[in-house]
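The exercises below ask you to read a protein model step by step, and each one is followed by a worked solution. Please look at the sequence and the structure before you begin.

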Amino acid sequence: MPAPQPPVPESPEAAPRTKGRPRSAAADRAILDATRAALAELGWGGLTMGDVATRAGVAKTTLYRRWPSKNELVVDAVASLFDELVMPDLGSLQADIEAVVAQFAELLARPESQAALLALFAEGTRDRQLRRRIREAIVDPQKRLVRQGRAAAQARGELAPDGDEAAAREEVDIIFDTIAGTVEHRVLVSGEPITPEWTRRFTSLLLGTFPVPPTG
């Protein structure tokens, strides 16, 4: 086990929670980083709140004040990884999708990401409440990328404006599931690389399934 880090001070300038003590962004980052490291090394069953507190250099009371359970802690530790993903505006829907797929593949290629996701998803199959938290904290927020990409493509005239709000939401869900499911399966299940050529072919197939009308 790595040597305990010195305690992370709780900054007085940190934004307070709904009531009580202020939170420290530095402490939060240290805890989430330590959680993913512990998952990669010990797996779900071996991870304990006490070990995470020791690795992060914080008191157990600090940890429990922020996350009352291991489930909540691990979900947030994984969710924070996906905050790195951004939808660029590169001038075409094809280029935008390729860029997001490359970002996602790079994220999944990290050992800590693989260990954390696989452990979380495996546990989620046995815990309905955890599965709901995964959807609320990880899956649903990332659909913003699809919505942003669609909005940019519509502004460029590549896609027609949404005519029906309910149908648009359903299409966002399908597109997200298609991209995320395919990339996760290739990296985490098949163990195959995500190369630029593969990304181009996948994106072309995707856009053939969801046709982009010609501009002009």
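A residue counts as buried when its relative accessible area is under 20%, and as exposed when that area is over 50%. Keep in mind throughout that this is a predicted model.

**Exercise 1. Describe the protein chain as a whole, starting from its helices and strands.**

Solution. Begin by counting the elements: the protein chain has ten helices and zero strands, and its pattern along the sequence accordingly reads α-α-α-α-α-α-α-α-α-α. Next, turn to burial, where we find that buried residues make up 40% of the 216 residues in the protein chain. Finally, consider the contacts between residues at least 6 apart in sequence, of which 63% join residues at least 24 apart.

**Exercise 2. Decide for Val52, Arg29 and Thr203 whether each is buried or exposed.**

Solution. Take Val52 to begin with, which lies in helix 2, made of residues 49-56. Its relative accessibility is 0%, and because this is under 20%, Val52 counts as buried. Leaving aside neighbours within four places in sequence, Val52 is in contact with Ile31, Ala34, Thr35, Ala38, Leu47, Leu63 and Leu73. The C-alpha atoms of Val52 and Leu39 are separated by 9.6 Å, while the two residues are 13 residues apart along the chain.

Now take Arg29, which belongs to helix 1, residues 25-46. Here the relative accessible area is 52%, and because this is over 50%, Arg29 is exposed. Between the C-alpha atoms of Arg29 and Ser80 the separation is 9.0 Å, although these residues are 51 residues apart along the chain.

Lastly, Thr203 has its place in helix 10, residues 196-209. Its relative accessibility is 0%, so Thr203 counts as buried. When neighbours within four places in sequence are left aside, Thr203 is in contact with Gln94, Ile97 and Glu98.

**Exercise 3. Work out which residues of helix 6 are buried, and where they lie around its axis.**

Solution. Start with the dimensions of helix 6, which covers residues 111-124: it has 14 residues and reaches 20 Å from its first C-alpha to its last, close to the 20 Å expected at 1.5 Å a residue. Then list the buried residues of helix 6, which are Ser113, Ala116, Leu117, Ala119, Leu120, Glu123 and Gly124. Seen down the axis of helix 6, these buried residues fall within an arc of 170 degrees, so they line one face of the helix. A general rule helps you to picture this: an α-helix has 3.6 residues a turn, so residues three or four places apart point the same way. To finish, ask what that buried set meets: the buried residues of helix 6 pack against helix 1, helix 4, helix 5, helix 7 and helix 9.

**Exercise 4. Place Leu188 in its helix and name the residues that it contacts.**

Solution. Leu188 is found in helix 9, and its relative accessible area is 17%; because this is under 20%, Leu188 is buried. Leaving aside neighbours within four places in sequence, Leu188 is in contact with Leu108, Gln114, Leu117 and Leu118. In space, the C-alpha atoms of Leu188 and Ala109 are 8.5 Å apart, whereas in sequence the two residues are 79 residues apart.

**Exercise 5. Describe how helix 8 and helix 9 pack, giving the angle and the distance between their axes.**

Solution. Two packed helices are described by the angle between their axes and the distance between the axes. For helix 8, residues 144-156, and helix 9, residues 165-190, the angle is about 115 degrees and the axes are 9 Å apart. The crossing in which helix 8 passes helix 9 is right-handed. Looking at the residues, you will find that Val146, Arg147 and Arg150 in helix 8 meet Ala168, Glu171, Val172, Ile175 and Phe176 in helix 9. Sorted by class, this contact has five nonpolar, no polar and three charged residues.

Terms used
Residues are numbered from 1 along each chain as its sequence is written. This is a predicted model: local features need pLDDT of at least 70, side-chain atom pairs count only at pLDDT 80 or more; totals for chains, interfaces and linings use all residues. Side-chain values use heavy atoms; hydrogens and water are left out. Helices (H or I, at least four residues) and strands (E, at least two) are DSSP runs, numbered from the N terminus. Buried means under 20% relative accessible area, exposed over 50%, partly exposed in between (1.4 Å probe, protein chains only). Axes are lines fitted to C-alpha atoms, for helices over the stretch in contact, and angles run from 0 to 180 degrees between N-to-C directions. A crossing is left-handed if the near helix is turned anticlockwise from the far one by less than a right angle, and right-handed if clockwise. Contact means heavy atoms within 4.5 Å. Ala, Val, Leu, Ile, Met, Phe, Trp, Tyr, Cys and Pro count as nonpolar, Asp, Glu, Lys and Arg as charged, and the others, Gly among them, as polar. The expected span of a helix is 1.5 Å times one less than its number of residues. The arc is that of the directions from the helix axis to the C-beta atoms.
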